[in-house]
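Here's a quick briefing on a ligand site and the fold around it. Have a look at the model first, then read on.

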Amino acid sequence: MRIFLDTANIDEIRQGVRWGVVHGITTNPSLVAKEGANFRDRVLEICDIVDGPVSAEVTATDAEGMIEQGEDIRTWHPNVVVKIPTIPEGLTAIKALTDRPDPVTINATLIFSPNQGLLAALAGATYVSPFLGRLDDISHDGMAVVSDLAQIFRVQGIRSNILAASLRAPLHVVRAAKCGAHVVTLPFAVLEQMMKHPLTDIGLERFLADWEASQAEAILQRV
Ligand code: G3P
C-alpha cells in the first residue's frame, strides 16, 4: 500500500517526502483554493518535490469540457494524474481520455458507492477514490465501500487501484489497509498522528536519561 498526502501545502509535502513515506499527492479545487496559489504553478511546484503521481482535478462538468481540461492538464508534467468526478459526464470523459493509444492516467473522484467505483474502473480509471469520511459524516459506513470494492476488483480481476480518500483519523488508515486499499491519501495531521505513541516518547526519554546518567557516572569514576 502507498501513502499519498491530500494537500496542496508545500511545507507539508516537503516534510512528508523528507520522512520517506509519501509517494504521491492528491489535490482538489478546495485544497488549492485554500493555498491561494495559481493552480498550474502549484501542481508543477508539487511535481518538483514528489517523484510520484500528483492528482489535479478538472473543473468542467460536461464531458467535452472535462476532456479538454484533461488533455491540457496531462501536458503539465509526466506525473500528473487527471482527477475527474464520478458523474455520468465524467464516465464519458474517462472513457475518451483512456481508450486511446496514449491513455491519460485518471483518478475518478467523489465516489460514495461500490457501483460508482466499479463504473469508474470499467470506464478506464487507474485510481478510484471512495470518500470514507464524508460517508461516515452522514452515518454511513465509508469503509464498507473500500471493502466491497476490494472484493469486487479481486473477484473480477479488475486492475484499477482503490485510493481511499477523505480519511480523518489514524484508525481509518489501519482499516483501509486491512480492507485492501492500494493507496490512502491523508491530511498531513493524520500522517503525523500515525507516528504518535506516548510509550515511544516515554521510552525514548527514559533511554536518554539512563544514558546521560551512565556517562556522568563514567566521568566521575575517571576523576
Ligand atoms: O481527497 C479527497 C479529500 O480531499 C476529501 O477530504 O476531508 O474534504 O472529506 P474531506
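The shell around the ligand splits into two nonpolar, two polar and four charged residues (Ala, Val, Leu, Ile, Met, Phe, Trp, Tyr, Cys and Pro count as nonpolar, Asp, Glu, Lys and Arg as charged, the others, Gly among them, as polar). This is a predicted model: local features need pLDDT of at least 70, side-chain atom pairs need 80 or more, and totals for chains, interfaces and linings use all residues. Numbering starts from 1 along each chain as its sequence is written, and side-chain values use heavy atoms, leaving out hydrogens and water.

**Ligand shell**
- D6, N28, K83, F131, R134, A165, S166 and R168 surround the ligand (a heavy atom within 4 Å).

**Polar contacts**
- The side chain of R134 puts an N or O atom 2.6 Å from a ligand oxygen (polar contacts are pairs of N or O atoms within 3.5 Å).
- For S166, a polar side-chain atom is 2.7 Å from an oxygen of the ligand.
- R168 likewise has a polar side-chain atom, 2.9 Å from a ligand oxygen.

**Barrel**
- Eight strands form a closed barrel in the order 1-2-3-4-5-6-7-8, with parallel pairing (strands are DSSP E runs of at least two residues, numbered from the N terminus; pairing takes at least two DSSP bridges).
- Strand 7 (residues 161–164) pairs in parallel with strand 8 (residues 183–186) over two bridges.
- L163 has V183 in strand 8 as its bridge partner.

Definitions and conventions. A polar contact is a pair of N or O atoms within 3.5 Å; within protein, one must be able to donate a hydrogen and the other to accept it, and residues adjacent in sequence count only if both atoms are side-chain atoms. Helices (H or I, at least four residues) and strands (E, at least two) are DSSP runs, numbered from the N terminus.
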